[in-house]
Amino acid sequence: LFSQQEDVAPSANHYTIEDLTLPFDGYEETHEIAYDAASHTAFISQMIASRLVQVSFDGARLSGAVRRWTVGTAGKSGLHNVQASRSRPGCLWLSLQFNDSVHLVDPSEGFQTLRSLKTPTQLPLGQGGGTVPVGGPHAAVEAMDGAIWVGLKAANQALRGSMSSTGLTAADRPSSYWAVWRIELSKYDPAEPPAFGGELFAAPKSPTMIAFDGQGNTFISCDGVSTVMRVSVDRIPQQIPLPRGFAEHGNGPGIAADPNGNIWLTALSSTDGSLVRFASGSTDPELITVLPSTRCQGISCVGWQPAQSERQIIHLTFSAAGGVSRRANVLYVLTSSLLAGNADEAIYAIELADDWRTLRPSGEVGVQTIWLPEDHSAAHRLQVVAPAWSSPHHAAFFDRRDGMGGNGIIATGLHQNQIFYVRGRSL
């Protein structure tokens, strides 16, 4: 347990960082997180083990209570995505990347599989005829209209090797090898390949994560390319060029919508602390620098600060209920050493104005840095956790007792069998 208090205007900030070691049977790779506010539990995927882990909270603390299920076959199925269902509260969409399938499950009563969908493994070439192999579902996300969007990211080396038999040139492969699948559950038919009653959209490269703007348009981050993939509400796909200074690094994997429906995009290989933002309904990208170039000047730094390191933003999320007031707009970004061994492993909390665009470095939350206590863990995902107050009196009790009560944040490390849970009044 790491804890530190500093006097930072306008009031003292107090943080704790708890770490919890997950069940470990010789497998690592801790991947995605989903949070269920009703049960105040988090669900985490361990990809190599193909295991789903449930972690419970007691008030605002990790309870240490852990349940786990093997989904598919341990060491073979590759459980990757964990995403909360919009239409079935408490249920989750899971992807088995090596089994070419996605599943809707209910973990509340035992572990029930409600729907299983086989994902496409062939993509039509269009007018030229024939198909090329695709596969390996990564993100599986339920849209506002109930449709499921799945990024087919490629499953394994065997699939990659099969590309050599298609006769495609290197220039052809990027537009043919990866795809995004949209399926309405009522139209799903496994007897109708290749799209099984849905729609397939060719992707320029590995489609990693999926988000929807406030108008219902779909944005897909594609690893390392200089455009972002967008599919409009009338299902017209396009590739939008990203701004200079960002495009050179390629985008992804992180992409998320803020509470106003604006889309934000990371570039993991960039080190300048910038994100790209699309206003809801817009196709015009805007480059916004969210992290300062000189560190710990006007920033509350918690934990310890590595010597001379880079900032590479891998993931991001938002809260409209941050800070002591529970009313501050906050952007949380996670930096990672996944691509660079000397890069920061930290969470940054950055306050935004009411427009969800302008930074407020002198606001209630301001800009704060929480260094994670493990070096080189390849920090991977983060998730905001709101404390499970049963009443205002309950919240006040916790505030008086330990100075906590603000948002909590869970972070995973790809190369660690741990999760980190950060709490602080001003988060």
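The questions and answers below walk through a pocket, a sheet and some aromatic rings in this predicted model.

Visitor: How much space lies in the largest pocket, and which residues are the closest to its centre?
Guide: In this predicted model, the largest pocket holds about 1,000 Å³ of space. The pocket is lined by 39 residues, and those closest to its centre are Q83, A256, A257, T317 and Q383.

Visitor: Which strand gives the most to the lining of the largest pocket?
Guide: Several strands each supply at least two residues of this lining, among them strand 3 (30-36), strand 7 (79-84), strand 13 (137-142) and strand 30 (379-385). Strand 26 (313-322) also belongs to that group, and with six residues the one that gives the most is strand 26.

Visitor: How many residues of the lining of the largest pocket are nonpolar?
Guide: The residues of the lining can be divided by the character of their side chains. Five of them are charged and 12 are polar, while the number that are nonpolar is 22.

Visitor: Which strands are the edge strands of the open sheet in the order 21-22-23-24?
Guide: This open sheet is formed by four strands whose pairing is antiparallel. Neighbouring strands are turned against each other by 30 degrees on average, direction ignored. An edge strand pairs on one side only, and the two that do so are strand 21 and strand 24 (286-289).

Visitor: In strand 24, what is the bridge partner of R277?
Guide: Strand 23, which covers residues 274-278, runs antiparallel to strand 24 and is joined to it by four bridges. R277 has its bridge partner in strand 24, and that partner is E286.

Visitor: What kind of aromatic pair do F318 and W356 form?
Guide: A pair of aromatic rings is described by the distance of the centres and the angle of the planes. For F318 and W356 the centres are 6.0 Å apart and the planes stand at 75 degrees. Planes over 60 degrees apart count as edge-to-face, so the pair formed by F318 and W356 is edge-to-face.

Visitor: How many residues apart in sequence are the parts that the pair of F318 and W356 ties together?
Guide: F318 lies in strand 26, whereas W356 lies in the loop between strand 28 (346-352) and strand 29 (367-371). The pair therefore ties together parts whose separation in sequence is 38 residues.

Visitor: Is W356 buried or exposed?
Guide: A residue counts as buried when its relative accessible area is under 20%. Its partner F318 has 10% relative accessibility and so counts as buried. W356 has 3% relative accessibility, and therefore W356 counts as buried.

Notes: Residues numbered from 1 in each chain as written. Predicted model: local features only at pLDDT ≥ 70, side-chain atom pairs only at ≥ 80, totals over all residues. Heavy atoms only, no water. 1 Å grid on protein atoms, 1.4 Å probe; cavity = no way out; pocket = protein on both sides within 12 Å on 5 of 7 lines; lining within 4 Å. Points joined across faces, edges and corners; volume = space filled by probe spheres on them. Nonpolar A, V, L, I, M, F, W, Y, C, P; charged D, E, K, R; others polar. Pairing = 2+ DSSP bridges. Axes fitted to C-alpha atoms, helices over the stretch in contact; angles between N-to-C directions. Phe/Tyr/Trp six-rings, centres within 6.5 Å; stacked < 30°, edge-to-face > 60°. Buried < 20%, exposed > 50% of the residue type's maximum accessible area, 1.4 Å probe, protein only.
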